[in-house]
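Please open the model in a viewer and display the backbone together with the side chains. The tour below proposes a series of selections and describes what is found at each stop.

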Amino acid sequence: MQNNISFILLLSFINVDLNNITKMYAGHFALALLFQFYFPDVNSFLLAFGVGLLDIIFGFLAYFNLEGVSINPKAGFLGVNLHCPYSHSLVGSLIISLLWGCLGINSNSFLPLFLSSFSHFILDCISEK
Ligand SMILES: [Zn+2]
């Protein structure tokens, strides 16, 4: 059963353990802090936004039924199967991260912005697969 609804709407309908989502985002934001340490001149909002960018795009694509979730209580971490072939694929993540990094070309911060976004893909691979 696949429900093409946004992740936020899903949370209101099923009993997702919010502690798991909190832990998941703690890891993403911890990396934003790490990048801020190594690249102190980069705007911290852009780094924090970057680590969540793939999920934000996932939310938009889910709204338009291009991606989504299906409820499966036995499915790992969140109790849902994620269908995100665009925002969380290797190619999609690379494209999104490259575009995000391009925001920092003029300020010489391409690498930290790219890494902030692409680290989301790497952490998701480690934690969800
Ligand atoms: Zn994600």
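Select Asn108. This residue of the predicted model is exposed, because 11 other C-beta atoms lie within 10 Å, and a residue counts as exposed when that number is 12 or fewer. Asn108 sits in the loop between helix 4 and helix 5. Its backbone deserves a look as well: although Asn108 is not a glycine, phi is positive, at about 60°.

Keep the loop on display and add Ser107, which is also placed between helix 4 and helix 5. Is Ser107 buried or exposed? Ser107 is exposed, because its C-beta neighbours inside 10 Å number 12. Now add Asp41: 66 residues separate Asp41 from Ser107 along the chain, and their C-alpha atoms are 9.3 Å apart.

**Another asparagine**

Move to Asn65, in the loop between helix 3 and strand 1 (68-71). Asn65 has a positive phi of about 60° and is not a glycine. Asn65 counts as exposed because it has 11 C-beta neighbours inside 10 Å.

**The chain as a whole**

Zoom out and colour by secondary structure. The chain contains 5 helices and 2 strands, and from the N terminus the order of the elements is α-α-α-β-β-α-α. Of the 129 residues in the chain, 31% are buried. Consider next the contacts between residues at least 6 apart in sequence: 62% of them join residues at least 24 apart.

Recolour by confidence. The average pLDDT of the chain is 85, and 81% of the residues score at least 70. Which elements have the lowest and the highest mean pLDDT? The lowest, 46, belongs to helix 1 (residues 7-13), and the highest, 97, to helix 4 (residues 90-102). The pLDDT is below 50 over residues 1-14, a stretch that has 27 contacts in the model beyond near neighbours in sequence. Where pLDDT is low, the predicted coordinates should not be read in detail.

**Helix 4**

Select residues 90-102, the extent of helix 4. Helix 4 has 13 residues, and the distance from its first C-alpha to its last is 18 Å, close to the 18 Å expected at 1.5 Å a residue. Highlight Ser93, Ile96, Ser97, Trp100 and Gly101, the buried residues of helix 4. They lie on the same side of helix 4, because they cover an arc of only 135° around the axis. Turn the view to the other side of helix 4, where Val91 and Cys102 are exposed.

Centre on Trp100 and show its surroundings. Leaving aside residues up to four places away in sequence, Trp100 touches Gly50, Leu53, Leu113, Phe114 and Ser117.

**The nonpolar core**

From Trp100, extend the selection to the largest nonpolar core, which has 22 residues. Which members touch the most other members of this core? They are Leu47, Phe58, Trp100 and Phe114. Helix 2 (18-38), helix 3, strand 2 (80-83), helix 4 and helix 5 (110-128) each give two or more residues to this core. Helix 3 supplies the largest share, 8 residues. In soluble globular proteins, nonpolar side chains tend to be buried together.

**Two phenylalanines of helix 3**

Select Phe58 in helix 3 (residues 44-63). Phe58 is buried because 24 C-beta neighbours lie inside 10 Å, the threshold being 20 or more. Add His83: Phe58 and His83 are 25 residues apart in sequence, with a C-alpha to C-alpha distance of 9.4 Å.

Then select Phe60, likewise a residue of helix 3. Why does Phe60 count as exposed? Phe60 has 12 C-beta neighbours inside 10 Å, and therefore counts as exposed. Its C-alpha lies 9.9 Å from that of Ser87, which is 27 residues away in sequence.

**The strand pair**

Finish with the two strands. Strand 1 and strand 2 run antiparallel and are joined by 4 bridges. Select Val69 to see one pairing: its bridge partner in strand 2 is Leu82. Leu82 and Val80 form the covered face of strand 2, whereas Asn81 and His83 form the uncovered one.

Methods: Residues numbered from 1 in each chain as written. Predicted model: local features only at pLDDT ≥ 70, side-chain atom pairs only at ≥ 80, totals over all residues. Contact = placed C-beta atoms within 7 Å. pLDDT = per-residue confidence, 0-100. Expected span 1.5 Å × (residues − 1). Arc of directions from axis to C-beta. Core = buried A, V, L, I, M, F, W, Y, C linked by C-beta atoms within 7 Å. Pairing = 2+ DSSP bridges.
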